[in-house]
Amino acid sequence: MLDRDTESAEGRDNVAAASGPDRRKALWTACAWLAPPFAAVGLPAVFPPGADSWYPRCLFHKITGGYCLTCGGTRALALLGRGHVLGALHMNAVVVAGVFVMLAVGLAHLIQACGGPAPRLPRMTRKRLLLLGAALAAFWLLRNIPVGPFSLLAPR
Ligand SMILES: [Zn+2]
């Protein structure tokens, strides 16, 4: 009986010792994932982009007339900040997807920090990185085709 009590007390101590730093680390990780999307959405919501705004203009668009991967991103973030998800997707779907991925990962770590299970996120293998790069390159190329469904990818 005494051994069982000692074991369970040690077990609780081990769990508490292991979960404390893990929870703290999860909280900091959650903050690191959640702060950028909130700042990125909040800043253009407070200072909306426009013709006379102080946001830097896209050099690629200025030189080539085409759209880069992030063209329309600031306008997309401003629309997200006002709750217009569809409008934001029309401006730049990749930026919107990035915001939601960061929010999801941050939320998963926040759940862990509150005592929930550790998030099981997919590992970024070389193959997955190549696929992500190919998808981003395809988005960049396709949004510069001015016909058919591809023009929906260009900022409007
Ligand atoms: Zn651009």
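A residue is called buried here if 20 or more other C-beta atoms lie within 10 Å of its own, exposed if 12 or fewer do, and partly exposed in between. The exercises below apply this to a predicted model.

**Exercise 1. Describe the overall make-up of the protein: which elements it has, and what percentage of its residues count as buried.**

Solution. Begin with the elements: the protein has 6 helices and 0 strands, so that, in the terms of the helix and strand assignment, its order from the N terminus reads α-α-α-α-α-α. Turn next to burial, where 17% of the 156 residues count as buried. Finally, consider the contacts between residues at least 6 apart in sequence, of which 58% join residues at least 24 apart.

**Exercise 2. Classify V96, V85, C71 and I145 as buried, partly exposed or exposed, and place each along the chain.**

Solution. Take V96 to start with, which belongs to helix α5, residues 93-113; because 22 other C-beta atoms lie within 10 Å, V96 is buried. V85 sits in helix α4, and because V85 has 13 other C-beta atoms within 10 Å, this residue is partly exposed. C71 is found in the loop that runs between α2 (59-64) and α3, and with 21 C-beta neighbours inside 10 Å C71 is therefore counted as buried. I145 comes in the segment after α6 (126-142), and since I145 has 12 C-beta neighbours inside 10 Å, it counts as exposed.

**Exercise 3. Work out the surroundings of V96: which residues does V96 touch beyond four places in sequence, and how far from V96 are the C-alpha atoms of V85 and L79?**

Solution. Setting aside residues up to four places away, V96 touches A76, L80, A88 and L89. For the distances, V85 is 11 residues from V96 along the chain, with 8.1 Å between the C-alpha atoms, while L79 is 17 residues from V96, with a C-alpha separation of 10.0 Å. The neighbouring position V95 can be treated in the same manner: leaving out residues within four places in sequence, V95 is in contact with T70, G73, A76 and L77.

**Exercise 4. Determine how α3 and α5 pack, and which residues make the contact.**

Solution. The geometry comes before the residues: the two helices pack at an angle of about 50°, and their axes are 8 Å apart. An angle between 35 and 65 degrees is neither roughly parallel nor roughly perpendicular, and α3 and α5 are therefore oblique to each other. Their crossing is right-handed. On the α3 side the contact is made by G73, A76, L77 and L80, and on the α5 side by V95, V96 and V99. Sorted by class, the contact holds 6 nonpolar residues, 1 polar residue and no charged residues.

**Exercise 5. Identify the largest nonpolar core and the elements that supply it, and say how many residues of α3 are buried.**

Solution. The largest nonpolar core has 12 residues, namely A40, V41, A76, L77, A78, L79, L80, A88, M91, V95, V96 and V99. Two or more residues each are given to this core by α1 (2-46), α3, α4 (85-91) and α5, and the largest share, 5 residues, comes from α3. As background, nonpolar side chains tend to be buried together in soluble globular proteins. Now look at α3 itself, residues 73-81, which is mostly covered, with 8 of its 9 residues buried; these are G73, T74, R75, A76, L77, A78, L79 and L80. After α3 comes G83, whose phi is positive, near 85°.

**Exercise 6. Find where C71 and I145 approach residues that are distant in sequence.**

Solution. For C71, the partner to examine is P155: the two residues are 84 apart in sequence, and their C-alpha atoms are 6.9 Å apart in space. The contacts of C71, once neighbours within four places in sequence are left aside, are C58, H61, N92 and P155. For I145, the partner is G66, which is 79 residues away along the chain and has its C-alpha atom 9.3 Å from that of I145.

Notes. Residues are numbered from 1 along each chain as its sequence is written. This is a predicted model: local features need pLDDT of at least 70, side-chain atom pairs count only at pLDDT 80 or more; totals for chains, interfaces and linings use all residues. Helices (H or I, at least four residues) and strands (E, at least two) are DSSP runs, numbered from the N terminus. Two residues are in contact if their C-beta atoms, placed from the backbone, lie within 7 Å. A nonpolar core is a set of buried Ala, Val, Leu, Ile, Met, Phe, Trp, Tyr and Cys residues joined through C-beta atoms within 7 Å. Axes are lines fitted to C-alpha atoms, for helices over the stretch in contact, and angles run from 0 to 180 degrees between N-to-C directions. Angles under 35 degrees count as roughly parallel, over 145 as roughly antiparallel, 65 to 115 as roughly perpendicular and the rest as oblique. A crossing is left-handed if the near helix is turned anticlockwise from the far one by less than a right angle, and right-handed if clockwise. Ala, Val, Leu, Ile, Met, Phe, Trp, Tyr, Cys and Pro count as nonpolar, Asp, Glu, Lys and Arg as charged, and the others, Gly among them, as polar.
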